[in-house]
Amino acid sequence: QRGIRIIAAVHGGSLPMLLHDPERAALAGGCHTVLLSGQEANRRKDKQKSVLMRMHEPMFGVAVEMHERNRWILHRNVRQAVDCYFKRQYITAEEL
């Protein structure tokens, strides 16, 4: 496959911290608040009427968090990780 692959470094502690940084959140798909109807909110376990959702496709498919020199966390699917985070579900990641 031809084309350009991009590798970028972004300063931040973790993928969730990146999502809450207004200047860098777009790299991971961004976020916005969605207001649910009363009926939709009642179907949720937490009964929340406003929830965060991803705005668009992330610019990168894979993300690596570098916590320490020898401790890295790999997110093989950024879109899935972001969606799980906003749904308050377990984020599948691999410690390297």
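Two strands count as paired here if DSSP finds at least two bridges between them. Keep that in mind for the first exercise; the model you're looking at is predicted.

**Exercise 1. Work out how β3, β4 and β5 are arranged in their sheet.**

Step 1. Start with β4, residues 71-75: this strand and β5 pair in the antiparallel sense over two bridges. That meets the cut-off of at least two.

Step 2. Pin down one bridge: Ile 73 has Glu 95 of β5 as its partner.

Step 3. Now put the strands in order. The sheet is open, has three strands and runs β3-β4-β5, with antiparallel pairing. Its edges are β3 (63-68) and β5 (94-95), each of which pairs on one side only.

**Exercise 2. Find the residues of the largest nonpolar core and say which helix gives the largest share.**

Step 1. List the members. There are nine: Leu 15, Leu 18, Leu 19, Ala 28, Ala 63, Val 78, Ala 81, Val 82 and Phe 86.

Step 2. Sort them by element. Both α1 (15-19) and α3 (78-86) supply at least two residues of this core, and α3 has the largest share, with four.

Step 3. Take a look around Ala 63. Beyond its neighbours within four places in sequence, Ala 63 touches Ile 73, Leu 74, His 75 and Val 78.

**Exercise 3. Decide whether Met 66 is buried or exposed, and find the patch that includes it.**

Step 1. Met 66 sits in strand β3.

Step 2. Its relative accessible area is 57%, so Met 66 is exposed; the cut-off for that is over 50%.

Step 3. On the surface, Met 66 joins Val 62, Val 64, Trp 72 and Leu 96 in a nonpolar patch, and together they have about 480 Å² of accessible area.

**Exercise 4. Trace the salt bridges of Glu 57 and Glu 95.**

Step 1. The whole structure has eight salt bridges. Glu 57 takes part in one with Arg 54, with the closest N and O atoms 3.4 Å apart, and in another with Arg 79, at 3.2 Å.

Step 2. Check where that second pair sits. Arg 79 is in helix α3 and Glu 57 is in the loop between β2 (50-53) and β3, so the bridge links distant parts of the chain, 22 residues apart. Glu 57 is partly exposed at 49%, as is Arg 79 at 38%.

Step 3. Move on to Glu 95, whose side chain meets that of Arg 71 in a salt bridge (3.1 Å, N to O). This pair connects β5 with β4, 24 residues apart. Glu 95 is exposed at 51%, whereas Arg 71 is partly exposed at 30%.

Step 4. Finish with the network: salt bridges with shared partners join Arg 54, Glu 57, Arg 79 and Asp 83.

Key. Residues are numbered from 1 along each chain as its sequence is written. This is a predicted model: local features need pLDDT of at least 70, side-chain atom pairs count only at pLDDT 80 or more; totals for chains, interfaces and linings use all residues. Side-chain values use heavy atoms; hydrogens and water are left out. A nonpolar core is a set of buried Ala, Val, Leu, Ile, Met, Phe, Trp, Tyr and Cys residues joined through side-chain atoms within 4.5 Å. Buried means under 20% relative accessible area, exposed over 50%, partly exposed in between (1.4 Å probe, protein chains only). Contact means heavy atoms within 4.5 Å. Patches are made of residues with over 30% relative accessible area and no salt bridge: like charges are joined within 9 Å, nonpolar side chains (Val, Leu, Ile, Met, Phe, Trp, Tyr) within 5 Å. Accessible areas come from the Shrake-Rupley method with a 1.4 Å probe; for residues, only the protein chains shown count as cover. A salt bridge is a side-chain nitrogen of Lys or Arg within 4 Å of a carboxyl oxygen of Asp or Glu.
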